[in-house]
Structures are given as C-alpha cells and as structure tokens.
Amino acid sequence: MATGSVSDSREKELWRRLGEVNDPELDEPITAMGFVERAEIRGDGGVEVDFRLPTYWCSPNFAFLMLDGVRKALDQLSWSPAYRVRLHDHMFAQEVNRGIEEGKTFGDIFAGLAGDEDIGALRETFSMKAFKRRQEAVLLSLRKQGLTDREILGMDLSAYDTARVGSGDVSQKARYRAALVERFPARRQGDPVFVTWEGQTIPPMALDAYLVELRSVRINMEFNGALCRGLKQARYKELDVIDGEPTLVDFIMDRVPERSAPAT
C-alpha cells in the first residue's frame, strides 16, 4: 500500500474514532459539535488533538467524560500511536494539560477538580438520557412506517434488526441498539427490544404517555445542544465589533480596551 494511502486511511480512522465520542449531556458527537479543533497525524504516526469547549467555565466533569472518551478512542486506533491531547481556553486547561504531560490518567487529574460529585452517577444519568432520546427516535420512526403500537412493542432483537425505519433514523436505530445492549448486556435475540431504562416492558396502551416522557428528555437535550453551539460560535468567531460595541468573545478573551475617562 502506498504511503499516501496509509496516511489517508489512518486519518479517516482517526476522525471516525473521534466521531464515536459523544458529548455526554447532548448525546451528539464531539466532532459534530466542533469541540475537536484539530486532529493531526504526525510524520512518525503520532497523533495530536486540540480540544475546546463552548465556554471557559464548562463543568470539569463534562470535560473529563469527553476527554476520557477521546483517550479511549485514541487507544483503539489500529496503529497504536503515541498521542497528545490538549484542552484549550478552559478554566482548568493548565491543570489538565500539565497532568497529561506528567502521565496521569484523566481520572487522577479530575479527582481534585470534581469536588464531591460522583462521576459514575453522572455518567449513568447521561447514559439514561441518551437511551431515551435514541429510543424515542426509533419508536416514532416505526410508527411512521405504519406499524401498530402492539407490533412495535412486541419486537424482539431479531425483528428489530430487520425492521425498516425512515432514512433519517437509520443511525439512531443502530445507536439505540448499542445503548440497549450496553444497558442490558445479557439481552438475547428473543428478548423484547423496547423496555424502560429500568427494564420494564411497555404496555401498548401506555405508549403515548411514555412518549411524552421521552419527548421532554429530547427537548431538554436539543435546547442544551443549541445553546452549546451558539456559545461556541459566539466565543470563537473572528474578532469583530458590532454597531461600535465589542462582542461577548472580546470580553472573554480580554481584548476590550479600557475606555477613556470622559472629559470634564
């Protein structure tokens, strides 16, 4: 294989792996959110990743979960490269980057930054929200395909794998399956595929009420996603002055000159 082909293949693999890391609060890929500012493969095969979050004060716990996901993604690369991950423009960027350079794990680095918050419990909360959001997308898509609620809720994994959904929901179908199997590792092909987070079956007559619950989760996640995108776009756009006034990003980056005192 030509060197160029190897390089192209590795770059595609790198971005594919990074695209499998989700913002835990939004259940959207960090690449789609624009958090990965740069991901490059050096000539020696090593990898460098520059990572930014929407605001300077983003929760260190969120940063930990995403950076830990990035680490795991890089560990899975087929050529096992050495890598460097750098967090930029965050209130704990210095501590994080110094810890990484010292060879500490992200768990060690963030242990002193997370306070008393239970990272495991936080991770499970986000997993639950992702499970519900993906499940709603598939349930609604199957309804649009003309299936009755009884047919949908009676599906086992085998039927689910062959069921058709709308073209825009193919990805969510696979992602829901992954979330289901992660939540219930002992799931077998003959087991029901649509259950609550607690593992309870959903009666057909209760599906409408259940979908209302799922919808509230989705709306909250979509709102947070729109907010994150807006904050990031506002923060990292080119330095600009609108109607003679500095923008939010100018204040964040401390690029606003002091005003002269009014003449007396």
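**Close-up views of a predicted model**

Met91 sits in the loop that runs between strand E5 (83-88) and helix H3 (93-101). Helices (H or I, at least four residues) and strands (E, at least two) are DSSP runs, numbered from the N terminus. What we're looking at is a predicted model, where local features need pLDDT of at least 70, side-chain atom pairs count only at pLDDT 80 or more, and totals for chains, interfaces and linings use all residues. Residues are numbered from 1 along each chain as its sequence is written, and side-chain values use heavy atoms, with hydrogens and water left out.

**View 1. Met91 helps make a nonpolar surface patch.** Its partners here are Tyr56 and Trp57, and the patch covers about 330 Å². To join a patch, a residue needs over 30% relative accessible area and no salt bridge; like charges are joined within 9 Å, and nonpolar side chains (Val, Leu, Ile, Met, Phe, Trp, Tyr) within 5 Å. Areas come from the Shrake-Rupley method with a 1.4 Å probe, and for residues only the protein chains shown count as cover. Met91 has 30% relative accessibility, so it counts as partly exposed. The cut-offs are simple: buried is under 20% relative accessible area, exposed is over 50%, and partly exposed is in between (1.4 Å probe, protein chains only).

**View 2. Three strands line up as an open sheet.** The order is E3-E4-E5, and the pairing is mixed. Strands E3 (36-41) and E5 stand at the edges with a single partner strand each, so one side of each has no neighbour in the sheet. From one strand to the next, the twist averages 10°. Two strands pair if DSSP finds at least two bridges between them; E3 and E4 (residues 47-52) run antiparallel and are joined by 5 bridges.

**View 3. E3 and E4 make a hairpin.** There are 5 residues between the two strands, and Gly45 in the turn has a positive phi of about 95°. Look across to E4 and you'll find Phe51 opposite Val36, and Glu48 opposite Glu40. Both of those glutamates, Glu40 and Glu48, belong to a network of salt bridges that also links Arg38, Arg42, Asp44, Asp50 and Arg84. A salt bridge here is a side-chain nitrogen of Lys or Arg within 4 Å of a carboxyl oxygen of Asp or Glu.

**View 4. Arg134 and Asp27 meet in a salt bridge.** Their N to O distance is 2.7 Å. Arg134 lies in helix H5 and Asp27 in the loop between strands E1 (22-23) and E2 (28-29), so the pair ties together parts that are 107 residues apart in sequence. Are these two buried or exposed? Arg134 is buried at 10% relative accessibility, and Asp27 is buried too, at 5%.

**View 5. Helix H2 carries a salt bridge between Asp68 and Lys72.** The two residues are 4 apart, about one turn of the helix, and their side chains meet at 3.5 Å, N to O. Asp68 is buried, with 8% relative accessibility, while Lys72 is partly exposed at 38%.

**View 6. Asp191 pairs with Arg188 in another salt bridge.** The closest N and O atoms are 3.7 Å apart. Asp191 counts as buried at 17% relative accessibility, whereas Arg188 is exposed at 60%.

Key: Axes fitted to C-alpha atoms, helices over the stretch in contact; angles between N-to-C directions.
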